[in-house]
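Let's walk through this model strand by strand, then look at what packs inside and what opens to the outside. Keep the viewer open as you read.

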Amino acid sequence: QVQLVESGGGLVQAGGSLRLSCAASGRTFSNYAMGWFRQAPGKERDLLASISRGGSTTYYADSVKGRFTISRDNAKNTVYLQMNNLKLEDTAAYYCAARASTWPAGSVASYDYWGQGTQVTVSS
């Protein structure tokens, strides 16, 4: 099992950038595919981006494609989400998640471990 802790959220103006980090501890980080999700009040938790165990394969939701980039550094047990050109609708709680598989998946239920979340608020 692994423990995940997100950081890097905060308040940013529309058009600005933030970089979220997710630090993992416990079992070997490189054994897990990783995903970033977000959840706004009253809405479902949705997948934004995911990355395979080795980092060679990535996926992005249409809403963030071209603006967000997921990456991982297995030597540092950390996964990142670089968020550029932030929009008001990006305001949400952001979560990282780990899946004990070679490949990531799109559903919340497919992930085994979750961080506590970090809030991102985009202002005009």
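A quick bit of vocabulary: two strands count as paired if DSSP finds at least two bridges between them. The strands themselves are DSSP runs (E, at least two residues), numbered from the N terminus. This is a predicted model, where local features need pLDDT of at least 70 and side-chain atom pairs count only at pLDDT 80 or more, while totals for chains, interfaces and linings use all residues. Residues are numbered from 1 along each chain as its sequence is written, and side-chain values use heavy atoms, with hydrogens and water left out.

Start with the open sheet of 4 strands, which runs in the order S1-S3-S8-S7 with antiparallel pairing. Its edges are S1 (2–7) and S7 (68–73), each of which pairs on one side only. On average, neighbouring strands here are turned by 15 degrees against each other, direction ignored; the axes behind that value are lines fitted to C-alpha atoms, and angles run from 0 to 180 degrees between N-to-C directions.

Now cross the sheet from one edge. S1 and S3 (residues 18–26) run antiparallel and are joined by 6 bridges, with Val-5 standing opposite Ala-23 in S3. The next step, from S3 to S8, is again antiparallel, over 6 bridges. Leu-18 belongs to S3 and stands opposite Met-83 in S8. Why does Leu-18 count as buried? Because its relative accessibility is 16%, and buried means under 20% relative accessible area, with exposed over 50% and partly exposed in between (1.4 Å probe, protein chains only). S8 is mostly covered too, with 5 of its 6 residues buried.

The last step takes you from S8 to S7, an antiparallel pair with 6 bridges. Here Arg-72 has Val-79 in S8 as its bridge partner. The hairpin of S7 and S8 has 4 residues between the strands, and one thing to check there is Asn-77, in the loop between the two. Asn-77 has a positive phi of about 55 degrees although it is not a glycine. For context, most residues other than glycine have a negative phi. Asn-85, in the loop between S8 and S9, is another non-glycine with a positive phi, of about 50 degrees. How open are these two? Asn-77 is partly exposed, with a relative accessible area of 28%, and Asn-85 is also partly exposed, at 43%.

Next, turn to S11 (118–123). S2 (residues 10–13) runs parallel to S11, with 4 bridges joining them, and Gly-10 stands opposite Val-120. S9 and S11 run antiparallel, with 3 bridges; one of the matched pairs is Ala-93 with Gln-119 in S11. In a regular strand the side chains alternate between the two faces of the sheet. You can see that pattern along S11: Thr-118, Val-120 and Val-122 point to one face and are buried, while Gln-119, Thr-121 and Ser-123 point to the other and are not.

What fills the inside? A nonpolar core is a set of buried Ala, Val, Leu, Ile, Met, Phe, Trp, Tyr and Cys residues joined through side-chain atoms within 4.5 Å. The largest one has 30 residues, and Met-34, Leu-81, Met-83 and Tyr-94 have the most contacts inside it. At least two residues of this core come from each of S1, S3, S4 (33–39), S5 (46–51), S7, S8 (78–83), S9 (92–99) and S11. Apart from it lies another core, of 5 residues, among them Phe-37, Leu-47, Ala-97 and Ala-105.

Finally, look for open space. A pocket is an open set of points on a 1 Å grid where a 1.4 Å probe fits, with protein on both sides within 12 Å along at least five of seven lines; lining residues have an atom within 4 Å of a point. The largest pocket has a volume of about 190 Å³, taken as the space filled by probe spheres set on the points. Its lining includes Arg-38, Lys-43, Glu-44, Leu-48 and Ser-63. S4 and S5 are the elements that give two or more residues to this lining, and S5 gives the most, with 3. By type, the lining divides into 4 nonpolar, 3 polar and 5 charged residues; Ala, Val, Leu, Ile, Met, Phe, Trp, Tyr, Cys and Pro count as nonpolar, Asp, Glu, Lys and Arg as charged, and the others, Gly among them, as polar.
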